[in-house]
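Q: Could you pick one part of this model and take me through it slowly? I'd like to know what holds it in place and what surrounds it.

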Amino acid sequence: MATITDSLAASGRSLRPSIGAVALSVLVVLFVVLTANRTFWAKTALYFGGTPQALAIFALGLVALLLAVCIALSMRFVAKPLFIVLLLASACASWFMDRFGVVINVDMIRNAAETTHAEAGNLITPDFVWHIVLFGIVPSLLVAWVRVTHRPFLAKARFNSVFVLPLLLVAVLAASTQMRLLITTSRTHHDWLASLNPIGPIVSAVRYAASTEGEANIVVEPLGQDAHVAAPAGRKPKVVVVVAGETARAQNVSLGGYGRPTTPELATRDVTYFPDTTSCGTATAVSLPCMFSIYTRATYTHRKGLSTESLLDVLAHAGIAAEWWDNNTGDKGVADRVAYRFLPDSADPRFCTDGECKDGILLDRLGPWLDGVTRDSVLVIHQLGSHGPAYYERYPDAYRRFTPDCRTAEFADCSREEIVNAYDNTIAYTDHVLATVIDMLKSHQDRFDASMIYMSDHGESLGENGLYLHGAPYMIAPKEQTQVPFVLWLGRQDRAAVNGACLRQRAGEPASHDNLFHTVLGLMAVETRIYDPSLDVLSGCRNASSS
Ligand SMILES: [Zn+2]
């Protein structure tokens, strides 16, 4: 009996073809790249601007990279489950991408996870089932069925590295010849890498799972509930306008010594400039919540930022009218509990096209707001500033000072000089916006005392070492991405309260986003246990008599 089952099992095994782990990796990668990525290849061809050579180099590099990863992971007990997950995910995602043109990003996964069964049922048509069977289930069954021959561990490591190292080399060489194209394309077209199947959908699913896991039950902890304004009764209202900048880097600000006149208007406004100021992050989503949180760069985390009240909440606790105007991509949760205006929603044709507005809209709205101020107020203006890569869309023609300027978001079509010219024009326009805010505050000085703080959220790479845009991991980020302009303008009252020489000396010392929270509290004369004078850039320079 036992011998019969043994021989049956043996003959059954012998019917199964055997294949090497490397060969199976090659088959799976080619199958997925060729059958499940119609949308991805169409987008790549379109975004690369129809250069077959660039497309071929990119395809070669990408396939080499995917092969290297799959071969490296093609170990016993890992290879088969991994390949089956890749095949099934690809078949499923390619159906929706190629058929419906959807990008399977985090929002799409969230939609899918929160959809009703009835809605989901409508999607499961006979065509869908056939597609999954043909491109997902049949190849998965084949993978499960075949016998994969594995070498002993050390021999396998040696054998695989013969393939993996040259493949990685090919991928690195391909990427290095197209660095600018790759960076521009991925930044300009957020849908591009997200449609690489199945990597994009799997990354989105993991990010979605991580975000719901971490953020679902966050309760915002109150902060500074003891805050109050320490000021003599009957004094004029106090106003601080905080301009949260976007993508301005310190290197291109003439107040800080840049060779071109990018900040001529601020130069005549008696401002204090802090030339050595560092940002908290290299992207808006990190820097913005960090700037307005009580945490310093050393202690800040995304979760802490979300789970603790912000500077605006503390101001509100002190009875100050706190308000946020956004001309960018939102306040990242900083202003959840205070008055909020999202200016692109206005679609004001004088300033806005395609859902984005030039920062002039902020000046247009500021006049009426200032006329209405009756009590202590802090207004945050989140500008669009120098947001790339379409720098040329940030400034009106009157601020087209440095020419020729790059007039497209495709950096590959512009020289570096044209890109820098366009970027410098954005700084010059921000200079005009800030100088105009100062002039408007000055013209209201009979009614209230006002000051302005401007800090950019992070810098920008403009081709140094082949890098463009921003978002590099902070540890390795170039200083172009982390050195930001910080401008302080004090109105009549605040100026009288500080020692000018002391302030000039303080401005020469390092500053950072860590200083914003406490400097605003200091300017608004807010007293609270959480105020840290050592982080208020003015505290060491206040005259003894002032409060
Ligand atoms: Zn930003």
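A: Here is a walk from the metal site to a nearby piece of sheet and then to an internal space.

Keep in mind that this is a predicted model, where local features need pLDDT of at least 70 and side-chain atom pairs count only at pLDDT 80 or more, while totals for chains, interfaces and linings use all residues. Residues are numbered from 1 along each chain as its sequence is written, and side-chain values use heavy atoms, with hydrogens and water left out.

Let's start with the zinc ion. Its protein donors are Glu246, listed twice through OE, plus Thr284 (OG1), Asp457 (OD) and His458 (NE2), at 2.0 to 2.8 Å. Donors here are N, O and S atoms within 2.8 Å of the metal (3.2 Å for Na, K and Ca), and since water is not among the atoms, sites may look incomplete. Along the chain the spacing reads E-x37-T-x172-D-H. Glu246 sits in the loop between β4 (238-245) and β5 (272-273), while Thr284 belongs to helix α13 (residues 284-291), so the pair ties together parts 38 residues apart in sequence. (Helices, H or I with at least four residues, and strands, E with at least two, are DSSP runs numbered from the N terminus.) Both residues are tucked away: Glu246 is buried at 1% relative accessible area, and Thr284 is buried at 10%. Buried means under 20%, exposed over 50% and partly exposed in between, using a 1.4 Å probe on protein chains only.

Now follow β5 into the sheet. Two bridges join β5 to β15, and the two run antiparallel; Tyr273 faces Val487 across that pairing. Strand β12 (residues 449-456) is also antiparallel to β15, with five bridges between them, and there Met455 has Phe486 as its bridge partner. Strands count as paired if DSSP finds at least two bridges.

What about β15 itself? Five of the five residues in this strand (residues 486-490) are buried, so it is largely enclosed by the rest of the structure. In a regular strand, side chains alternate between the two faces of the sheet. Here both faces of β15 are covered, with Phe486, Leu488 and Leu490 buried on one side and Val487 and Trp489 on the other.

Finally, Pro485 is among the residues nearest the centre of the largest cavity, along with Val253, Thr263, Leu434 and Tyr454, out of 13 lining residues. A cavity is a set of points on a 1 Å grid over the protein atoms alone where a 1.4 Å probe fits but cannot get out, and lining residues have an atom within 4 Å of a point. Helix α17 (residues 416-442) gives the largest share of that lining, four residues.

Note on methods: 1 Å grid on protein atoms, 1.4 Å probe; cavity = no way out; pocket = protein on both sides within 12 Å on 5 of 7 lines; lining within 4 Å.
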